[in-house]
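Please look through the sequence and the structure shown here before reading the notes that come after them. It may help to keep both in view and to find each residue as it is named.

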Amino acid sequence: MAAEIISGTEMARTIRAEVGEEVARMKEGGARVPGLATVLVGEDPASRAYVSMKNRAAEEVGILSRQIDLPASISHEELLGWVEGLNADPEVDGILVQLPLPEQVMEAQILESIHPYKDVDGFHPVNVGRLLSGTPDVLIPCTPQGIIELLVRSGHDPSGRHVVMVGRSNIVGKPMISLLLGRGRGGDATVTVAHSRTRDLAEVTRMGEILIVAVGRPGFVTAEMVRPGAVVIDVGVNRVDDPSSEKGYRLVGDVDFEGVSRVASAMTPVPGGVGPMTIAMLLSNTVSAAKTGAGGFGG
Ligand SMILES: NC(=O)c1ccc[n+]([C@@H]2O[C@H](COP(=O)([O-])OP(=O)(O)OC[C@H]3O[C@@H](n4cnc5c(N)ncnc54)[C@H](OP(=O)(O)O)[C@@H]3O)[C@@H](O)[C@H]2O)c1
């Protein structure tokens, strides 16, 4: 039997509607409308597309969004100055610096310069530490947070189950395992992590009742690597050439969709799986940041 498709597009729509209602309630209650500032450095078309999707989604739910376009030649100090300005701006609740940044800019320092309460990407060391130690008042990285929502809301609660995570990046794998190991909603899983140095990878991935893949290689996980009946979450977004498409390429995940859909009980598609959830969680984080009320910090 073919796997059930877990639609991130549909679930993200529901979450965006919930966030929109929350923003409306805040407004009715006399609170300021939450504000999101996105910083785009350079002209990379993929980054530009991501940032404009994020801004559009923010505006749709009533969040005030502001895009700051900066030249690829910007110096590290100048970019720091921009972040400091946004930290001090009382109308900005969330700051997102789109990655990657040009070579002359020290990415880690820029991410650390964002005020932790405005760090809607959840990459600041304070938020990373809070997530790991299970402290409340934390902004959680959007992609792993979206995956937890996908699992819980689709009836595949990770609690008590063996989850295998392939990939250990700071953006996906590491925060993902922190959430899965945490106590309470979306957590309490038994977790195994695999990466490029893992031996007998297929043996490891076949242990997963839930298999989450964030590797960045098209069709990397094949049917033989999946435990029959597993739930498979495909985080990968890869461009592959496709002369039949208007753009000349199409997006595929890290999972061989066709093959794996015959073995798994449920799986996410690419596109339309994890991607839309990432954006929905960014909106949710912006509203949480507005409620925490760091607006004006440092100003
Ligand atoms: N949908 C979304 O919202 C979203 C968000 C973020 C990322 N993504 C996508 O998810 C994918 C992964 O992103 P990322 O930022 O996590 O990538 P990344 O930083 O490149 O990390 C990739 C991970 O995969 C592991 N890996 C590479 N080759 C492997 C192999 N042969 N066997 C086992 N593990 C292997 C690496 O292991 P080592 O650590 O040992 O090198 C690393 O931990 C990309 O396609 C990206 O575009 C999507």
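The briefing below goes through confidence, domains, the ligand and some backbone details in turn.

The structure is a predicted model, and its chain has an average pLDDT of 96, with 98% of the residues scoring at least 70. The domain assignment divides out two domains, and a ligand is surrounded by 20 residues of the protein.

**Confidence**

- Although the chain averages a pLDDT of 96, the stretch made of residues 295-299 has a pLDDT below 50, and in the model this stretch makes 14 contacts beyond its near neighbours in sequence.
- Where pLDDT is low, predicted coordinates should not be read in detail.

**Domains**

- According to the domain assignment, domain 1 covers residues 31-115, while domain 2 covers residues 142-275.
- When the centres are taken over C-alpha atoms, domain 1 and domain 2 are separated by 28 Å.

**Surroundings of the ligand**

- Among the 20 residues around the ligand, those that come nearest are Arg168, Ser169, Ser196, Val237 and Thr278.
- Sorted by class, this shell holds eight nonpolar, 10 polar and two charged residues.
- Helix H10, which runs over residues 274-292, gives the largest share of the shell, namely three residues.

**Polar contacts and burial of the ligand**

- The side chain of serine 196 places an N or O atom 2.5 Å from an oxygen atom of the ligand, and threonine 278 has a polar side-chain atom at 2.7 Å from a ligand oxygen atom.
- In valine 235 the atom concerned belongs to the backbone, where an N or O atom lies 3.5 Å from an oxygen atom of the ligand.
- The ligand taken alone would expose 930 Å², and of that area the protein buries 71%.

**Backbone details**

- Leucine 99 and proline 100 are joined by a cis peptide bond with omega at about 0°, and proline 100 sits in the loop that links strand S4 (94-97) with helix H4 (107-113).
- Another cis peptide bond joins valine 270 and proline 271, with omega at about -5°, and proline 271 belongs to the loop between strand S11 (266-267) and helix H10.
- Aspartate 188 is a residue other than glycine with a positive phi, near 60°, and it is found in the loop between helix H7 (173-181) and strand S6 (190-194).

Technical notes: Residues numbered from 1 in each chain as written. Predicted model: local features only at pLDDT ≥ 70, side-chain atom pairs only at ≥ 80, totals over all residues. Heavy atoms only, no water. Near = heavy atom within 4 Å. Polar contact = N/O pair within 3.5 Å; in protein donor to acceptor, adjacent residues only side chain to side chain. Areas by Shrake-Rupley, 256 points an atom, 1.4 Å probe, with all protein chains shown as cover. Helix = DSSP H or I, 4+ residues; strand = E, 2+ residues; numbered from the N terminus. Nonpolar A, V, L, I, M, F, W, Y, C, P; charged D, E, K, R; others polar. pLDDT = per-residue confidence, 0-100. Contact = heavy atoms within 4.5 Å. Domains from an automatic or database assignment.
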